[in-house]
Every structure is written in C-alpha cells, then in structure tokens.
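I pulled this one up to see what could be read off before going back to the bench. My notes follow in the order I looked things up.

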Amino acid sequence: MSTGNTTAIRPAAPALGTLRRVILYLLLFALVSLAASGVSGLLGMLFTAGDAIAFNDSSSLALAMALALVGGPLGAVVFWASWRLLADPAERRATAWGIYVSAMYATSLLTATGFGVGALAALAGGDTGSWKSSLASGLSWAAVWVWHRWMLHHRTRGPLALAKVPHVLGTVMGLVIGLGAGTGALAVLFEQALGTHGELAVIGAPWWRAALALLVWAAGGILVWWWHWIREGTRELHTKLAGVGLVAVGVGGSAILALGGAGVLLFVLLRMGLDRSDPLPVLLEPAPEALAAALLGTLSWLYHARTAGNRPEPVPAAAGLAVSGIALAAAASGIGVVVNAALSTATTRLGGTDPTELLLAGLSSLAIGGPLWWFTWHPTRPADPRGRRIYLVLVFGISAVVALVTLLVIGFRLFEFMLGDSGGAGLLERVRAPLGLLVATGLVAGYHFVLWRHARSAGAGDEAATEPGRGIREVMLVAGEDAQELAAAIRSHTGANVTVLRRHDAAESTLSPDRLFRVLGPVAAERILLVAGPADRLEIIELAADIRRRD
C-alpha cells in the first residue's frame with residue numbers, strides 16, 4: 001500500500017515545480033515593475049523639484065516611496081531566493097525562467113525606450129514641460145533592462161530555454177519604432193517641399209521642430225534595432241521565432257508600409273490627372289506621408305527580403321507567400337472598391353463620396369496589388385502543391401469568413417430596408433459597399449478553392465508514389481531542441497519506433513517535414529540512424545546495410 005501511494009504522488013512533482021516557478025516569477029515580475037515605477041516617481045520629483053514654486057503633492061510622494069522602499073526590498077528577497085535556486089541546472093533549463101527574463105527584458109526595453117527617447121524628442125521638439133519626468137522614468141527602466149540583460153547572458157544562471165527570444169523581440173521593436181518615426185520625419189520634410197499643411201506640425205512652432213523630434217524617435221528605434229540585429233547577432237539567428245519575426249515584420253510589415261504608400265501616391269496622381277474637382281493643395285495633402293512610407297517601406301522590404309532569401313527553407317518560401325498574400329489583399333480590395341464605385345453610379349445620392357474618387361481609389365489598389373501578386377504567386381507556373389497547401393487553405397478560409405460576414409451585413413441592410421427604416425437611402429446605396437466586398441472575396445475564395453482541390457489531388461498522388469519508408473521499423477534520431485517534433489512527424493508517417501538522442505549543443509534544425517519525408521522515401525533499411533541539424537543539415541545511416549548517405 002505504501003508503494004502504491006508513492007507511485008501515485010510522484011507524477012505530481014513536476015507539476016508542483018512548474019507551479020512554484022510560475023508563482024515565484026510572477027511575483028518577481030510584479031515587484032520589479034512596482035519598484036521601478038516607485039524609483040521613477042522619486043527621480044521625477046527630484047528632477048522637477050526646482051521647477052515648481054510650491055511642492056505639496058504628498059500623496060504622490062507617499063506612493064512613490066511605498067513602491068520603491070517596500071516593493072524594492074521585497075523584490076530583492078524574491079530575486080535572492082530565485083537566484084539561489086538557479087544554481088540547479090534543472091531550474092536554469094525551466095521554461096518559466098526563460099519566459100520571465102524575456103518578458104521583463106522586453107517590458108523594460110520598451111518602457112525605457114518610450115520614456116527616454118520620448119524625453120529627448122520632447123526636448124528637441126521644444127516641449128520643455130514634462131521631459132524631466134519622462135527622463136527619470138527612462139533612466140529607471142533602463143537600469144532594469146541592463147540588469148536583465150546581464151542575467152540573460154550570465155554564464156552559469158542565464159536561461160537556456162527561450163534565450164534568444166529577447167533579441168528577436170528587441171529587433172522587432174526597434175524596427176517598428178524606427179520605421180514609424182522615420183516615415184513621420186520624412187513626411188514633414190516632404191510637406192515643406194510640396195507646400196502642404198500636415199497634421200504633424202505644432203501650431204506656433206517652427207516646422208523643423210516636429211521633424212527634429214521625429215528624427216530623435218527614428219534614431220532611437222534604429223539604435224535599438226541595430227543593437228539586437230547586429231550587436232546581439234539576431235541577423236545570424238536561425239530559430240523558428242527569428243524566422244517568424246523576419247517574415248512577419250521585416251518582410252510583411254515593410255511590404256504593407258511600402259504598398260500602402262505607393263497605393264495612396266498613385267491615387268493622388270490619378271486624381272491630379274483625371275479628377276481636379278478639389279484644389280491642388282487638397283489633392284496633394286496625403287502625398288507627403290504616402291511618399292515617405294513608400295520610400296522607407298521599400299528600402300526595409302528589399303533588405304529583409306534579401307536576408308530571408310539567404311536563409312534555409314522554409315523562410316524564403318514563407319517570405320514570398322507573405323508578400324503574395326498582402327498583394328492579393330490589396331488587389332481584392334481594389335476589385336471590391338471598383339464594384340462599389342460602379343454600383344454608386346446607379347444610385348441617387350444627396351452627399352457622400354464621389355464615385356470618380358472611389359473608382360480611382362479602387363484602381364490604384366488594384367494596380368499596385370495585381371501585378372505584384374502575379375509576380376510573386378506565378379499563377380501560370382507549375383509549383384509543388386504541398387509547398388503552398390497551407391497558404392491556400394488559409395486564404396480560402398479567410399475569404400470564406402469575410403464573405404460570410406459580408407452576407408450577414410447585406411442581409412441586415414436588406415431587412416432594414418424592407419422594414420421601412422427612415423434613413424432615406426435606397427437599397428442599392430445601402431448594400432453596394434458590402435456587395436463589392438462580397439464579389440471580391442467570392443472571386444478570391446473560388447480561385448483558391450480550385451487550386452486547393454488540384455493541389456490536394458496532386459499531393460495525394462505524390463504521397464502515394466513517395467510514401468516514406470514503409471520498411472523502416474526503428475529510427476535513432478539525433479537532434480536538438482526540435483527533436484520531439486521531428487520524432488512525432490516520423491512516427492506518424494512511418495509507424496516506426498523512434499529513439500531520441502539530444503545533441504549536446506542543442507542546435508535546432510530548420511528541416512521541413514516535406515523534405516524529411518522525401519529523403520526517407522527511398523530508404524529500404526529497417527533500422528536507420530538519422531542526424532538532424534544544425535540548420536538544414538541531414539544525415540542518414542542505414543544500419544542494416546551499412547550504407548552512409550548525406551543530404
């Protein structure tokens with residue numbers, strides 16, 4: 001009976017350890033944040049003490065002292081307890097420790113950048129009211145960031161799990177801030193060159209003040225990006241998260257910025273040539289920001305696309321599909337707006353958007369997205385159906401959901417009209433916008449559904465012809481951090497018994513399941529040794545026949 005009780009208790013130990021780590025690191029995160037906020041408040045009062053004639057904000061002072069002088073020592077106690085536990089290698093390998101360091105690293109970096117760069121930007125822009133308080137907060141959180149960067153790179157207690165996540169987050173953060181602020185600064189310069197009056201200029205202040213403040217933000221974002229991309233080595237990082245960040249933000253985000261700016265710029269040019277119903281300054285008003293977005297977005301897009309092209313698969317393919325999806329969305333939106341403009345000509349309107357302006361907006365989006373989609377998707381070129389199957393399912397699913405929502409909107413407008421709503425608009429005027437969107441999404445969904453059916457049938461034939469390793473019975477897999485994922489894929493497709501041996505360097509591979517199965521296809525041995533990684537390296541040794549094969 002005693003043996004049975006011991007057996008029942010043992011499985012709960014890992015769960016208890018995980019729960020203890022979660023509680024400990026959540027408490028540490030909260031206490032460090034509260035202490036940093038308290039120190040920020042005290043420094044802010046110290047920096048601004050000479051600016052006020054009378055200082056009588058005792059409640060704010062009491063709160064800042066409580067956070068700093070109570071939360072700080074409590075946080076130090078919790079940190080000391082956790083730091084002692086980290087002498088155990090199992091604690092250092094725990095995912096909870098990696099999540100805490102990554103979360104606090106990203107939080108402190110974002111807060112320090114926001115307050116610190118914001119203070120310098122306010123000072124450069126002529127706003128001297130609150131820059132000292134912002135600088136105090138920036139300095140306090142910068143100290144937290146330096147502290148956690150030291151822990152991240154600690155030789156014996158730094159996290160082993162998710163150790164590169166903070167660098168990827170910092171790279172993405174710096175790129176977003178740099179591109180956004182750089183676009184705004186360049187837009188101010190273009191506004192002055194074109195003689196338009198933008199929203200970024202401050203009333204009563206020289207125009208260059210706004211540009212200088214935005215340049216400070218851009219410089220801060222570029223510095224954060226450079227530090228993580230170059231200094232910390234994220235550019236050479238080949239993990240899955242690094243690939244996702246590169247494709248989603250570096251390529252996809254930059255492409256959205258570039259295409260959006262180019263579309264608006266083309267719309268302005270078309271209106272200048274075909275629709276001069278408004279004065280020239282009004283027509284040119286969107287041009288400065290659009291031109292800045294197109295220029296900086298294109299530069300960032302080309303740089304990150306070239307970087308993605310030098311990575312092992314599936315990063316280059318994912319980057320191409322991301323751009324194709326963005327271009328498809330732009331082209332489909334253009335089709336929907338063109339249909340909307342065509343329907344608007346058959347309605348009688350008392351006010352609203354001019355159908356000519358609406359038509360030119362749709363044509364601009366279609367002219368930007370259509371050719372780019374054709375160039376990146378290659379609809380006339382045969383391609384591996386399995387390489388694009390997930391993309392086809394994703395696009396078809398999104399299009400179907402949008403079409404369903406649009407049908408609900410059309411039904412609502414129809415019943416609203418039938419029940420005698422007193423809005424005064426006709427039925428066609430009510431439904432023309434969702435009807436245009438429905439036509440566009442219907443075309444997209446239908447086209448991709450046909451491609452998906454064709455890819456599915458072709459993929460089924462390929463799988464039957466190259467079904468991997470029917471004769472494989474036992475696999476000894478040597479891999480890094482993704483060993484369990486590769487083992488599960490091998491088991492599901494071969495039915496073999498897989499023994500996992502972890503690499504000492506924990507190097508993660510970048511192998512796609514499709515490539516792995518293609519390599520296993522011609523293997524006839526019952527027992528094989530498979531070495532995966534680092535990167536896309538794959539080595540197979542057929543143990544029964546003693547044949548060594550390198551791919």
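**Surface.** I started with the exposed area of this predicted model. The protein chain exposes about 28700 Å², and carbon and sulfur atoms supply 68% of that. Then I checked the burial tally: of the 551 residues in the protein chain, 41% are buried.

**Overall make-up.** I counted elements next and got 17 helices and five strands in the protein chain. I also looked at how far along the sequence the contacts reach. Taking contacts between residues at least 6 apart in sequence, 74% join residues at least 24 apart.

**Cavity.** How many cavities of 30 Å³ or more does the structure hold? I found one. The space in the largest cavity comes to about 110 Å³. I listed its lining and got 13 residues, with T171, W229, A242, G245 and L246 the closest to the centre. Which helix gives the most to that lining? My lookup says α9, with five residues. Both α7 (165-194) and α9 (240-274) supply at least two lining residues each.

**S102.** I picked this serine for a closer look. S102 is found in helix α5, which covers residues 95-124. Is S102 buried or exposed? I have it down as buried, because its relative accessibility is 6% and the cut-off for buried is under 20%. I then asked what the side chain of S102 reaches. The partner is the backbone oxygen of G98, at 2.8 Å. Leaving out residues up to four places away in sequence, I noted that S102 touches L162, V165, P166 and L169. On that spacing, I jotted down a reminder: an α-helix has 3.6 residues a turn, so residues three or four places apart point the same way.

**Helix α13.** I wanted to know whether the length of this helix adds up. Helix α13 runs over residues 355-377, 23 residues in total. At 1.5 Å a residue it should span 33 Å, and its end C-alpha atoms are 31 Å apart, so the two values agree. Next I went through α13 for buried positions. The leucines on my list are L358, L360 and L372, and the tryptophans are W373 and W377. I also wrote down P355, S364 and the glycines G362, G369 and G370 as buried. Last stop was the residue just after α13: H378 takes a positive phi of about 55°.

Methods: Residues are numbered from 1 along each chain as its sequence is written. This is a predicted model: local features need pLDDT of at least 70, side-chain atom pairs count only at pLDDT 80 or more; totals for chains, interfaces and linings use all residues. Side-chain values use heavy atoms; hydrogens and water are left out. Helices (H or I, at least four residues) and strands (E, at least two) are DSSP runs, numbered from the N terminus. Buried means under 20% relative accessible area, exposed over 50%, partly exposed in between (1.4 Å probe, protein chains only). A polar contact is a pair of N or O atoms within 3.5 Å; within protein, one must be able to donate a hydrogen and the other to accept it, and residues adjacent in sequence count only if both atoms are side-chain atoms. Contact means heavy atoms within 4.5 Å. The expected span of a helix is 1.5 Å times one less than its number of residues. Accessible areas come from the Shrake-Rupley method with a 1.4 Å probe; for residues, only the protein chains shown count as cover. On a 1 Å grid over the protein atoms alone, a cavity is a set of points where a 1.4 Å probe fits but cannot get out, and a pocket is an open set with protein on both sides within 12 Å along at least five of seven lines; lining residues have an atom within 4 Å of a point. Grid points are joined across faces, edges and corners, and a volume is the space filled by probe spheres set on the points.
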